[in-house]
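Student: Please choose one part of this structure and go through it closely. I would like to know how it is placed against what surrounds it.

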Amino acid sequence: MHIKEKLAQNEAAERVGISFEFFPPKTAQGVQNLYDRMDRMHALGPSFIDITWGAGGRLSDLTCEMVNVAQSVYGLETCMHLTCTDMPTEKVDAALQAAYKSGCTNILALRGDPPREKEKWEAAEGGLRYAKDLVKYIRDKYGNHFDIGVGGYPEGADDNPDVDLLIDHLKEKVDAGASFVITQMFYDTDLFISWVKKCRAKGINVPIIPGIMPIQTYAAFIRRANWTKIHIPEDWLETLEPVKNDDAAVKEIGKVLIADMCRRLLAAGINHLHL
């Protein structure tokens with residue numbers, strides 16, 4: 001089922017939806033562990049899961065394999081990330097065909113980050129440059145077979161801090177055929193709510209799903225926030241700083257902070273949480 005239909009069903013039933021994002025692991029044991037976790041988390045009743053794209057080579061093949069297993073073996077409604085990074089159109093075609101054959105009908109279309117060895121993002125030779133181009137390409141090739149989501153950036157992207165310009169770009173992606181938005185992770189709820197209002201004022205009327213990153217360790221929490229250039233509320237830092245070297249304490253406090261953030265999102269009218 002298309003994600004937009006799942007979201008509409010939840011809204012009609014006044015039911016809060018959840019979804020989970022999984023990252024392809026680097027080892028064979030990691031793959032099996034992740035499949036076991038998918039199976040366990042199935043019991044929590046997610047509306048869908050999504051699997052991030054590993055650009056190029058083995059990781060992109062693993063994304064396609066994991067989409068197939070999640071969709072056909074575990075019966076999870078699965079959304080496949082697909083990026084433009086290092087992807088000439090023949091690779092895009094191969095990934096879409098693999099998703100099609102696996103029964104996956106949802107794609108999250110992203111430009112993607114530059115490869116680690118490159119400072120700036122560059123389009124692959126014979127590839128696509130922007131997420132809106134990928135959305136158009138999928139629509140032209142597959143019509144309405146795939147439901148297409150796109151990324152939203154409430155605090156700017158790593159290579160473009162202009163939030164208002166990025167909202168204009170988001171509108172272009174929606175106009176090109178995207179039917180839902182999943183945002184970059186954030187920790188400042190007020191910033192997110194204000195950003196959603198700006199999006200609505202610009203005529204972006206599709207569902208906007210907040211991307212929520214749980215806190216596991218202090219180092220990872222700070223590293224991700226710095227990498228994505230997002231604001232951490234001062235009271236969060238004051239609460240976590242004294243226990244930053246105690247991973248168990250950080251995780252326990254982090255659960256409380258994230259749960260409180262989710263409650264505030266629900267109170268603001270957001271009815272789906274993407275973890």
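Tutor: Helix 7 and helix 10 are roughly parallel to each other, and helix 10 is the part to follow here. The model is a predicted one. Two packed helices are described by the angle between their axes and the distance between the axes. For helix 7 with helix 10, the angle is about 25° and the axes are 10 Å apart. The pair counts as roughly parallel because an angle of about 25° falls under the limit of 35 degrees, and that is the reason for the label. The crossing of helix 7 over helix 10 is right-handed. On the helix 7 side the contact consists of T189, D190 and F192, and on the helix 10 side of M261, R264 and L265. Sorted by class, these are 3 nonpolar, 1 polar and 2 charged residues.

Next, helix 10 itself. The helix covers residues 247-267, which is 21 residues, and at 1.5 Å a residue it should span 30 Å; the C-alpha atoms at its ends are 30 Å apart, so expectation and model agree. Just past the end of helix 10, G269 has a positive phi of about 100°.

Which residues of helix 10 are buried? They are A249, V250, G254, L257, I258, M261, C262 and L265. Residues three or four places apart in an α-helix point the same way, because there are 3.6 residues a turn. Of the buried residues, M261 and L265 also take part in the contact with helix 7. The cover over the buried residues includes helix 7 (189-201), strand 7 (208-211), helix 8 (218-228), helix 9 (234-240) and strand 8 (272-274).

Several of these covering elements lead on to other parts of the model. Helix 7 also packs on helix 6 (residues 163-175), where the axes come within 10 Å and cross at roughly 50°. Helix 6 and helix 7 are therefore oblique to each other. This crossing is right-handed. V163, D164, I167 and L170 of helix 6 meet W195, K198 and C199 of helix 7. By class, that contact has 5 nonpolar, no polar and 2 charged residues.

Between helix 8 and helix 9, both among the elements that cover helix 10, runs a loop that holds K229. Phi of K229 is positive, near 60°, although the residue is not glycine. Most residues other than glycine have a negative phi. K229 counts as exposed because its relative accessibility is 52%.

Strand 8 leads to strand 1 (residues 17-22), where S19 is found. S19 has a relative accessible area of 0%, so it is buried. Setting aside neighbours within four places in sequence, S19 contacts P46, F48, H272, L273, H274 and L275. Strand 8 spans 272-274, so the contacts of S19 with H272, L273 and H274 tie strand 1 to an element that covers helix 10; the burial of S19 is at 0%. F20 lies in strand 1 as well and is buried at 7% relative accessibility. F20 touches M41, L44, P46, F48, I49, D50, H274 and L275, not counting residues up to four places away in sequence. The C-alpha atoms of F20 and I51 are 8.7 Å apart, with their positions 31 residues apart in sequence.

From S19 there is also a link to T78: 59 residues apart in sequence, the two are 9.8 Å apart in space, C-alpha to C-alpha. T78 is in turn one of the residues touched by Q71, which also meets L76, E77, S102, G103 and C104, leaving out residues up to four places away in sequence. Q71 is in helix 3 (residues 57-72) and counts as buried at 15% relative accessibility.

For comparison with the helix 10 packing, take helix 4 and helix 5 (residues 131-142), whose axes come within 12 Å and cross at roughly 60°. That makes helix 4 oblique to helix 5. Their crossing is right-handed. Helix 4 supplies T89, V92, D93, L96, Q97 and Y100, which meet L134, Y137, I138, K141 and Y142 of helix 5. The contact has 7 nonpolar, 2 polar and 2 charged residues.

Notes: Residues numbered from 1 in each chain as written. Predicted model: local features only at pLDDT ≥ 70, side-chain atom pairs only at ≥ 80, totals over all residues. Heavy atoms only, no water. Helix = DSSP H or I, 4+ residues; strand = E, 2+ residues; numbered from the N terminus. Expected span 1.5 Å × (residues − 1). Buried < 20%, exposed > 50% of the residue type's maximum accessible area, 1.4 Å probe, protein only. Contact = heavy atoms within 4.5 Å. Axes fitted to C-alpha atoms, helices over the stretch in contact; angles between N-to-C directions. Parallel < 35°, antiparallel > 145°, perpendicular 65-115°, else oblique. Left-handed = near helix turned anticlockwise from the far one by under 90°. Nonpolar A, V, L, I, M, F, W, Y, C, P; charged D, E, K, R; others polar.
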